[in-house]
Amino acid sequence: MNFVTLKSGALMPQLGFGVYQIQDALECEEAVYAALQAGYRLIDTAAAYQNEEAVGKAIIRSGIPRDELFITTKVWVQDMGYSQTLKAIDRSLTRLGLDYLDLYLIHQPYSDVFGSWRAMEEKHDGGILRNIGVSNFTPDRLTDLTVFSHVAPALNQIEINPFYQQHDNVAFMQANGVQPQSWASFAEGRNNLFQTPVLQTIGGKYGKSVVQVVLRWLIQRGIVVIPKSVSPERMAQNIDVFNFELNEEELSLIAGLDTGVSCFHSHTDPERIKNIAGLHFDI
Ligand SMILES: NC(=O)c1ccc[n+]([C@@H]2O[C@H](COP(=O)([O-])OP(=O)(O)OC[C@H]3O[C@@H](n4cnc5c(N)ncnc54)[C@H](OP(=O)(O)O)[C@@H]3O)[C@@H](O)[C@H]2O)c1
């Protein structure tokens, strides 16, 4: 496993396990347990995924010492603001059965970001949130939060995949000491990612699959990845990416797949912001 160093000096595994869209409690517990057995130590959940309790059960069942794990969760839009976020942090900790989090993120760059950040800074100073960061922030929003805060965001989790490579955004983060993290590294299979000929050809040279090429490409860019799978075979495949290296020619072939457009939605689209504002969960 490779590790990256966050602003706080904390080491974060460069490859972890995401649990978005594993809403069924038993399925989620089994998936996280299997991922931990397969060697994953970073788990990425969110209050909005409604599976923190299942993640917590799998952690206890695994028997892995707490200090060997790196657990991330996120505050949803309905809990933005100082006092709401303080309560949301407590509820997440209770559901996960933990007394601290390795990383806590603002899930979406909307509503009272500064109020939430003040709550997160307080919990960070108190040692409950070892690292704090954001998700889906553009460079302008990231800078605004950084220059007007006491603790700067350690990480920004954004969509990055072969069709939406985000080179400028990643370069900006890296120049400013913010760790980039990719969500939907496989674009959730959109645009036929798993059957992309360029990726198949490169994988064929190393005896690796398309997804292993994608994860390796992200890792070589210094990005943290959190692939999701409910299949133990795929979990094993997705973590087996530290024994080969892509060369410059292969990296430039992959660069040619960039469309510059999200495979999902733009976080600056007013209609999308209105839709997200209406997404309420029982959390
Ligand atoms: N911050 C945000 O706004 C945000 C948004 C989206 C996601 N995320 C985080 O990022 C994580 C990853 O993103 P994601 O789950 O949306 O999408 P993803 O990792 O791009 O794709 C997951 C899909 O790929 C399939 N898959 C996984 N490994 C495979 C393999 N080796 N071969 C073939 N198919 C494979 C999975 O199917 P099976 O499960 O059937 O194997 C699943 O359908 C999430 O779980 C979540 O933690 C964050």
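Start by selecting Arg 61, which is partly exposed, with a relative accessible area of 37%. As you look around, keep in mind that this is a predicted model. Now add Glu 30 to the selection: Glu 30 and Arg 61 form a salt bridge, and their closest N and O atoms are 3.0 Å apart. Colour the two helices to see what this pair links: Glu 30 sits in helix H1 (residues 25-37) and Arg 61 in helix H2 (residues 52-62), 31 residues apart, so distant parts of the chain are joined. Glu 30 is also partly exposed, with a relative accessible area of 40%. Select Glu 29 as well, and you have a network of salt bridges made of Glu 29, Glu 30 and Arg 61.

**More charged pairs**

How many salt bridges does a search of the whole structure find? The search finds 11, and two further ones are worth a stop.

For the next stop, select Asp 102 and Arg 66, a salt bridge with its closest N and O atoms 2.8 Å apart. Asp 102 lies in the loop between helix H3 (82-96) and strand S6 (103-106), while Arg 66 lies in the loop between H2 and strand S5 (70-75), so this pair ties together parts that are 36 residues apart in sequence. Are these two residues buried or exposed? Asp 102 counts as buried at 8% relative accessibility, and Arg 66 counts as buried at 18%.

Then move to helix H4 (residues 113-125), where Glu 121 and Arg 118 are three residues apart and therefore separated by about one helical turn. Their side chains meet in a salt bridge of 3.1 Å, N to O. Here Glu 121 is buried, with a relative accessible area of 5%, whereas Arg 118 is partly exposed at 31%.

**Into the sheet**

Hide the side chains for a moment and show the strands as a cartoon. You should find an open sheet of eight strands with parallel pairing, in the order S3-S4-S5-S6-S7-S8-S9-S10. Which strands are at the edges? Strand S3 (17-18) and strand S10 (224-225) are the edge strands, each pairing on one side only.

Begin at the S3 edge. S3 pairs with strand S4 (residues 42-44) in the parallel sense, over two bridges. To find this pairing in your viewer, select Phe 17 and its bridge partner in S4, Ile 43.

Walk on to S5 and S6, which pair in the parallel sense over four bridges. Select Lys 74 here, then Leu 105, its bridge partner in S6. Now bring back the side chains of S6. In a regular strand, side chains alternate between the two faces of the sheet. In S6, Leu 103 and Leu 105 point one way and Tyr 104 and Ile 106 the other way, and all are buried.

**The enclosed strand S9**

Next, select strand S9 (residues 179-183), the strand that contains Ser 182. Five of the five residues of S9 are buried, so this strand is largely enclosed by the rest of the structure. Turn S9 to see both of its covered faces: Gln 179, Gln 181 and Trp 183 are on one side, with Pro 180 and Ser 182 on the other.

To see what runs alongside, add strand S8 (residues 155-159), which is joined to S9 by five bridges and runs parallel. Glu 159 stands opposite Trp 183 in S9.

Zoom in on Ser 182, which is buried, with a relative accessible area of 0%. What is in contact with Ser 182, leaving aside neighbours within four places in sequence? The residues in contact are Ile 158, Ile 160, Leu 218, Ile 223, Val 224, Val 225 and Ile 226. You can also draw a distance from Ser 182 to Asn 156: their C-alpha atoms are separated by 8.7 Å, although the residues are 26 apart along the chain.

**Cysteines and a surface patch**

Two cysteines come next. Select Cys 28, which counts as buried at 0% relative accessibility, and Cys 263, which counts as buried at 12%. The count of disulfides comes to zero.

For the last stop, show the surface and select Met 1, Phe 3 and Leu 11. Together they form a nonpolar patch on the surface, with about 310 Å² of accessible area. Met 1 lies in the segment before strand S1 (3-5), and this residue is partly exposed, with a relative accessible area of 40%.

How values were computed:
Residues numbered from 1 in each chain as written. Predicted model: local features only at pLDDT ≥ 70, side-chain atom pairs only at ≥ 80, totals over all residues. Heavy atoms only, no water. Patch = residues over 30% accessible without salt bridge, like charges linked within 9 Å, V, L, I, M, F, W, Y side chains within 5 Å. Areas by Shrake-Rupley, 256 points an atom, 1.4 Å probe, with all protein chains shown as cover. Salt bridge = Lys/Arg side-chain N within 4 Å of Asp/Glu carboxyl O. Buried < 20%, exposed > 50% of the residue type's maximum accessible area, 1.4 Å probe, protein only. Disulfide = S-S within 2.5 Å. Pairing = 2+ DSSP bridges. Contact = heavy atoms within 4.5 Å.
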